[in-house]
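Biologist: Please take a close look at a single part of this model, one helix and what surrounds it, and then follow its surroundings outward in one connected account.

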Amino acid sequence: MRTSSSLSSVVRASVFTLATVSLMAGCASPPLSPASPDRIAADTPAPPNRADPAPSADVAHQQAFVAWLGEFRASARASGISDATLGQALDHARFLPRVIELDRVQPEFTRTVWDYLDRTVTPQRVTTGRDMLQRVRSEAAAVFQAQRVPPEVVVAIWGMESNYGSNVGDMSTIDALATLGFEGRRAAWARGELLSALKIIDRGDITPERMIGSWAGAMGQTQFLPSSFLAYAVDADGDGRRDIWGSLPDVVASTANYLARSGWLAEQPWGVEVRLPTGFDHGRADDAVRQSATQWSDEGVAAIDGAPLPAMSEASILLPAGARGPAFLVGANFRAILRYNNSTSYALAVGLLAQQLAGGPPVRAPWPRELAALSRSETMELQQALTQRGFASGNPDGVAGPATRAAVRAYQRSAGLPADGFPSADLLQRLRQP
């Protein structure tokens, strides 16, 4: 899991491909068969030999990296990291130019929410997830009794993060974070995560060689950043180590613990698909507008299947594709998933995957598939046009965040349009007109 991070949003936007769950070579514990009751592992290439020469870079740059490592080593030692750990982790740390390339990428083209869901909540992922759900229920039942987080939600996150352990990444976390700490856009952040990674190694949870994950420092089957690992990882199998790379109990317990401590309410669902009443003010479809499901029901909001709305406090209407797409009533548990990864599309995918793992339906209302996603440059143009018309949308960065959506709503109201805050191509075309 990556936390909260815009960095995590970039990583998670590239959804992992489906693969068969099999045993990860060289598990932290002796390898067990794929059918073993207490371990599951990833079909992941062995981590690179960290003593191999680094990819080509000029000598001066490598010397600067070595000097940075020396300074960081001294700082880490002063923070209490043992010399043994510093030697194991940093003696062969490598600068990885590819990490910097990926960190600087700002993709021009974006996906619509329905395209994202098509790619992530696939029939194969649902089928595999149901098998994994049965395994989790039989092998880690105590986890859910303690955390009171539904197994299907945990399994859905597991599926989204690493395709049920089949793709945990193959990059050294130490190398990736050292590279980002030396030359990344958020060097201070990466330096803090690298120190957290060293604390994990110092405690004995994992060796540097087994600490692998994504280019951005997210690790294991749950894709925790090191700081999140320190805060939320759990030793559920009682072996004295928190192993989110190879231990099934630890994987699910750590994920459940993260959600539980992020405000998960056991008596409430993640959300429910709803039908909005005629004349509904789409401007109220905003996380800032929170009230009970009973109050929404009194206003004519109804579950799309005709059943009574589930009891939910502090619930909001979510229109991920604007007024022309499906509507959802979401509450505290949806926000808990957002704390795991602050992406509405991700949280919706987790909720819908969990719903289908539990035997529920997919989205019933049609998506407005005729609408094209705005590119990054088009979103930036829209932001600039809104600001020029007096609707402050924040820094024109090509990312449609809360400030942009608020500006879109304000403009839509002024133009007599449904104020859903959805930045569409139609809206951009209107703004282009003098």
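**Helix α10 and its surroundings**

Modeller: The buried residues of helix α10 are covered by a set of elements that includes α2, α3, α9 and α11. Before going further, I should say that this is a predicted model, with a mean pLDDT of 88 over the chain and 87% of the residues at 70 or more. Over residues 2–52, however, the pLDDT is below 50, although in the model this stretch has 153 contacts beyond near neighbours in sequence. Where pLDDT is low, the predicted coordinates should not be read in detail. I therefore leave the detail of that stretch, residues 2–52 with pLDDT below 50, out of this account.

As for the setting, the chain has 18 helices and 6 strands, and 53% of its 434 residues count as buried. Among contacts with a separation of 6 or more, 70% join residues that lie 24 or more positions apart.

Helix α10 itself covers residues 187–203. Its 17 residues should span 24 Å at 1.5 Å a residue, and its end C-alpha atoms are 24 Å apart, so the two values agree. Its buried residues are Ala190, Glu193, Leu194, Leu195, Ser196, Ala197, Leu198, Ile200 and Ile201. After α10 comes Gly204, which has a positive phi, near 95 degrees.

Of the elements that cover α10, α3 is a helix of residues 83–90, with Thr85, Leu86, Gly87, Ala89 and Leu90 buried. The cover over these buried residues of α3 includes α2 and α9, together with α10, while α3 in turn is included in what covers the buried residues of α10.

How do α2 and α9, which appear in both of these lists, lie relative to each other? The axes of α2 (residues 59–78) and α9 (residues 173–183) come within 10 Å and cross at roughly 100 degrees, and the two helices are therefore roughly perpendicular to each other. Where they meet, α2 contributes His61, Ala64, Phe65, Trp68 and Leu69, and α9 contributes Ala178, Thr179, Gly181, Phe182 and Glu183. By residue class, this contact is made up of 6 nonpolar, 3 polar and 1 charged.

One residue of that contact, Phe65, lies in α2 and counts as buried because its relative accessibility is 1%, which is under the 20% cut-off. Leaving out residues up to four places away in sequence, Phe65 touches Ala178, Thr179 and Phe182, and also Ala93, Arg94 and Phe95. Ala93 is 28 residues from Phe65 in sequence, and their C-alpha atoms are 9.7 Å apart in space.

The remaining element named in the cover of α10 is α11, which spans residues 226–232 and also packs against buried residues of a further helix, α12. Helix α12 (residues 248–261) has 14 residues and reaches 20 Å from its first C-alpha to its last, close to the 20 Å expected at 1.5 Å a residue. Most of α12 is covered, with 12 of its 14 residues buried; among them are Leu248, Pro249, Asp250, Asn257 and Tyr258. Besides α11, the buried residues of α12 pack against α6 (123–139), α7 (141–147), α8 (151–162) and α14 (332–340). α12 is followed by Gly263, whose phi is positive, near 105 degrees.

Two of the helices packed against α12, namely α7 and α8, lead to a point of backbone geometry. Most residues other than glycine have a negative phi. Arg148, however, has a positive phi of about 60 degrees although it is not a glycine, and this residue is found in the loop between α7 and α8. Asn163, another residue that is not a glycine, has a positive phi near 50 degrees, and its place is in the loop between α8 and β1 (171–172). Is each of these residues buried or exposed? Arg148 counts as exposed, at 56% relative accessibility, whereas Asn163 is buried, with a relative accessible area of 2%.

Notes
Residues are numbered from 1 along each chain as its sequence is written. This is a predicted model: local features need pLDDT of at least 70, side-chain atom pairs count only at pLDDT 80 or more; totals for chains, interfaces and linings use all residues. Side-chain values use heavy atoms; hydrogens and water are left out. Axes are lines fitted to C-alpha atoms, for helices over the stretch in contact, and angles run from 0 to 180 degrees between N-to-C directions. Helices (H or I, at least four residues) and strands (E, at least two) are DSSP runs, numbered from the N terminus. Angles under 35 degrees count as roughly parallel, over 145 as roughly antiparallel, 65 to 115 as roughly perpendicular and the rest as oblique. Contact means heavy atoms within 4.5 Å. Ala, Val, Leu, Ile, Met, Phe, Trp, Tyr, Cys and Pro count as nonpolar, Asp, Glu, Lys and Arg as charged, and the others, Gly among them, as polar. The expected span of a helix is 1.5 Å times one less than its number of residues. Buried means under 20% relative accessible area, exposed over 50%, partly exposed in between (1.4 Å probe, protein chains only). pLDDT is the predictor's confidence in each residue, from 0 to 100.
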